[in-house]
Amino acid sequence: GNFNMKNVTQLKISSVELPNTSYVFSSAKGNITLSVDSTEYTISEGNYNTTDLNSELNNLNIPGVTFTIDSNSGKYTISTTSSKSFDFSNTTDYGTLGKFLGFANNTYTIDGDQEAENLPNVIGENSYFLKLNDYGDITNNGKNYMMKVIVTSPLFEASFDSRQRYVTKTFQFSQPTNLRKLEIRLDDYLGNVVDLNGLDFSF
């Protein structure tokens, strides 16, 4: 909004309340599809724990393909009844569905069992960047940010400022400045605006 504050010397953020309602898996991030033998399959948008995600994958009913998760190692395995080609490629800069499942490569030919190289990540990003005009000492992707917000709350719950000491919360102007307009954005690590699915954040 427009206002006029004269001779401002310092901006300080004292608290942030941020709902953790952004989807880890979404069509905008391009991480909800996989192709098996050139047929595309899509899971539902949203947030999952590893068990629910495993069920969602098996509910795709891909012929001759089963997903399992090892309760000891925590890793996913894809099993096939015959040789099949898998493609997790993603047209966005976000990680692929395969990467979130722990698979290091975009493409696989699987005949039998293929265990993921890495552990799955169903948490998504754990920090966002609060942009106030161009004020701030935090730089990410070539932009200046006022504050890095660490998301510590479980999915679908509100995160209060986690009082982490290494987060910049004060910006000192080199000379008194008139503030007429504040442009406020909440960005993710790629510099894209975070979709909180209709919930507001406050600070």
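In this predicted model, strands S5 and S6 make a hairpin with six residues between them, and the turn includes Gly74, whose phi is positive at about 80°. The two strands run antiparallel and are held by five bridges. One pairing to look at is Thr66, which has Ser79 in S6 as its bridge partner.

The hairpin strands turn up again around helix H1, which spans residues 50-58. Four residues of this helix are buried, namely Leu53, Asn54, Glu56 and Leu57. Looking down the axis of H1, the buried residues fall within an arc of 160°, so they line one face of the helix. The cover over these residues includes strand S5 (65-69), strand S6 (76-80) and helix H2 (97-101). At the N-terminal end of H1, Asn49 acts as the cap: a side-chain oxygen of Asn49 sits 3.2 Å from the backbone nitrogen of Thr51.

Now for the charged side chains. Side chains of opposite charge can pair when their charged atoms come close. The structure has three salt bridges. One of them links Asp134 and Lys131, with N to O at 2.9 Å. As for accessibility, Asp134 is exposed at a relative accessible area of 53%, while Lys131 comes out as buried at 11%.

Another salt bridge pairs Lys143 with Asp187, where the closest N and O atoms are 3.9 Å apart. Lys143 belongs to strand S12 (residues 143-145) and Asp187 to strand S16, so this pair ties together parts that are 44 residues apart in sequence. Lys143 is partly exposed, with 27% relative accessibility, whereas Asp187 is buried at 0%. Asp187 also meets Arg185 in a salt bridge, at 3.1 Å from N to O, and Arg185 is partly exposed at 32% relative accessibility. Through shared partners, the salt bridges join Lys143, Arg185 and Asp187 into one network.

Right after S16 (184-187) comes Asp188, in the segment that follows the strand. Asp188 is buried but has no salt bridge. Its nearest side chain of opposite charge is Lys29, 5.6 Å away, and a salt bridge would need the nitrogen and the carboxyl oxygen within 4 Å, so the pair does not count as one. What Asp188 does have is polar company. Its side chain makes a polar contact of 2.4 Å with the side chain of Tyr94, and a polar atom of the Asp188 side chain lies 3.0 Å from the backbone nitrogen of Leu190. Setting aside neighbours within four places in sequence, the residues in contact with Asp188 are Tyr94, Glu125, Tyr128, Phe129, Asn140 and Val194.

Val193 sits in the segment after S16 too. With 54% relative accessibility, Val193 counts as exposed. Leaving out neighbours within four places in sequence, Val193 is in contact with Arg185, Leu186 and Asp187; of these, Arg185 and Asp187 take part in the salt-bridge network described above. Along the chain, Val193 and Phe129 are 64 residues apart, yet their C-alpha atoms are separated by 9.4 Å. Phe129 is also among the residues in contact with Asp188.

Terms used. Residues are numbered from 1 along each chain as its sequence is written. This is a predicted model: local features need pLDDT of at least 70, side-chain atom pairs count only at pLDDT 80 or more; totals for chains, interfaces and linings use all residues. Side-chain values use heavy atoms; hydrogens and water are left out. Buried means under 20% relative accessible area, exposed over 50%, partly exposed in between (1.4 Å probe, protein chains only). Lys and Arg count as positive and Asp and Glu as negative; His and the chain ends are not counted. A polar contact is a pair of N or O atoms within 3.5 Å; within protein, one must be able to donate a hydrogen and the other to accept it, and residues adjacent in sequence count only if both atoms are side-chain atoms. Contact means heavy atoms within 4.5 Å. The arc is that of the directions from the helix axis to the C-beta atoms. Two strands pair if DSSP finds at least two bridges between them.
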